[in-house]
Amino acid sequence: YRNLKIYEYIFSKKDYEIIFPWKKEKFKNYYLFKKEKGYIYLGLSPLSTSKYKDYPLEFYPSLIKKIKKLIPNLKIIIFGSKSQRETLDFLVKKLSDYIKVIDLIGKTNLKELVANISLCDFFLAPDTGPMHIAWSLGVKTVALFGPTSWIMKGPLKNGVSIFKKISCNPCEKSKPSCPFPQCMYAISYKDILKAFENFLDS
């Protein structure tokens, strides 16, 4: 990843392509849902391997309501690991009150994860593996950064990084010594909605 960033800096171009170890035409063998015509699909991968990199989970219900106002024909696909199931159940229940949710938490292996992310029209996540899979597949990605560097780890293409500078970030630490991830709480709904508006206008 960092070598690609160096390549971009030296040659001022992005003429590379991300190659997956299996052909995209075989993705259909791993789809876990069928897209319906007339809907826009937003993938969410809310939890990373470190809680300090996560956008506050309690912010998502109101945020998704606001995104749905922008995109009325929206459906949500939530990705996560089996170990994240209990934490994400809260979000699934909240969102299901007003929007169709496709729950893939703990239901995908790696090939299924990649294949089903490829079905998304948009993707929203903090600094996670699924976020990188999304932009590399060409999915329009909104990536949320706080303790890690958006310059070194943000989407290389097909995406936008949202980062709010405070006194101590990026710290590159996923750490217990951080009393409170202010950098993630500093990201506003307005910042995220603006990214989606720009995608829709482009």
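## A tour from helix H4 to the enclosed strands

Begin by selecting helix H4 of this predicted model: its buried residues are Glu112, Leu113, Val114, Ala115, Asn116 and Ile117. Helix H4 spans residues 110-117, and with six of its eight residues buried it is mostly covered.

To see what provides the surroundings, display E2, E3, strand E4 (122-126) and helix H5 (129-136) together with H4; the buried residues of H4 pack against these four elements. Then move to the N-terminal end of H4 and select Asn109, which caps the helix there. A side-chain oxygen of Asn109 lies 3.2 Å from the backbone nitrogen of Lys111.

**Strand E3**

Next, select residues 101-105, which form strand E3. How many of the residues of E3 are buried? Five of the five are, so E3 is largely enclosed by the rest of the structure. Show the side chains to separate the two directions: Val101, Asp103 and Ile105 point one way, whereas Ile102 and Leu104 point the other way, and all are buried.

**Strand E2**

Keep E3 displayed and add strand E2, residues 74-80. The two strands run parallel and are joined by five bridges. Two positions are useful for following the pairing: Ile76 stands opposite Val101 in E3, and the bridge partner of Ile77 in E3 is Ile102.

The connection between these strands can be traced by selecting helix H3, residues 85-96. E2, H3 and E3 together make a β-α-β unit, and this unit is right-handed.

Now consider E2 alone. Seven of its seven residues are buried, so this strand is largely enclosed by the rest of the structure. Which residues lie on each side of E2? Leu74, Ile76, Ile78 and Gly80 are on one side, and Lys75, Ile77 and Phe79 are on the other. Both faces are covered, as all of these residues are buried.

**Strand E1**

Add strand E1, residues 40-44, to the display. E1 and E2 run parallel, with five bridges between them. Select Gly43 to find the residue that stands opposite Ile77 in E2. The chain passes from E1 to E2 through helix H2 (residues 60-70), and this β-α-β crossover is right-handed.

**Two cysteines**

Select Cys120 and Cys183. Cys120 is buried, with a relative accessible area of 6%, and Cys183 is likewise buried, with a relative accessible area of 6%. How many disulfides does a search of the whole structure find? The search finds zero.

**The whole chain**

Finally, return to the full chain and colour it by secondary structure. There are eight helices and six strands, and from the N terminus on they run α-β-α-β-α-β-α-β-α-β-α-β-α-α. The chain has 202 residues, of which 47% count as buried. Among contacts with a separation of 6 or more, 65% are accounted for by residues 24 or more positions apart. Switching to a surface view completes the tour: the accessible surface of the chain comes to about 10800 Å², and 54% of that surface belongs to carbon and sulfur atoms.

Methods. Residues are numbered from 1 along each chain as its sequence is written. This is a predicted model: local features need pLDDT of at least 70, side-chain atom pairs count only at pLDDT 80 or more; totals for chains, interfaces and linings use all residues. Side-chain values use heavy atoms; hydrogens and water are left out. Buried means under 20% relative accessible area, exposed over 50%, partly exposed in between (1.4 Å probe, protein chains only). Contact means heavy atoms within 4.5 Å. Accessible areas come from the Shrake-Rupley method with a 1.4 Å probe; for residues, only the protein chains shown count as cover. A disulfide is a pair of cysteine sulfur atoms within 2.5 Å. Two strands pair if DSSP finds at least two bridges between them. A crossover is right-handed if, with the strands pointing away from the viewer, the path from the first strand over the helix to the second runs clockwise. A polar contact is a pair of N or O atoms within 3.5 Å; within protein, one must be able to donate a hydrogen and the other to accept it, and residues adjacent in sequence count only if both atoms are side-chain atoms.
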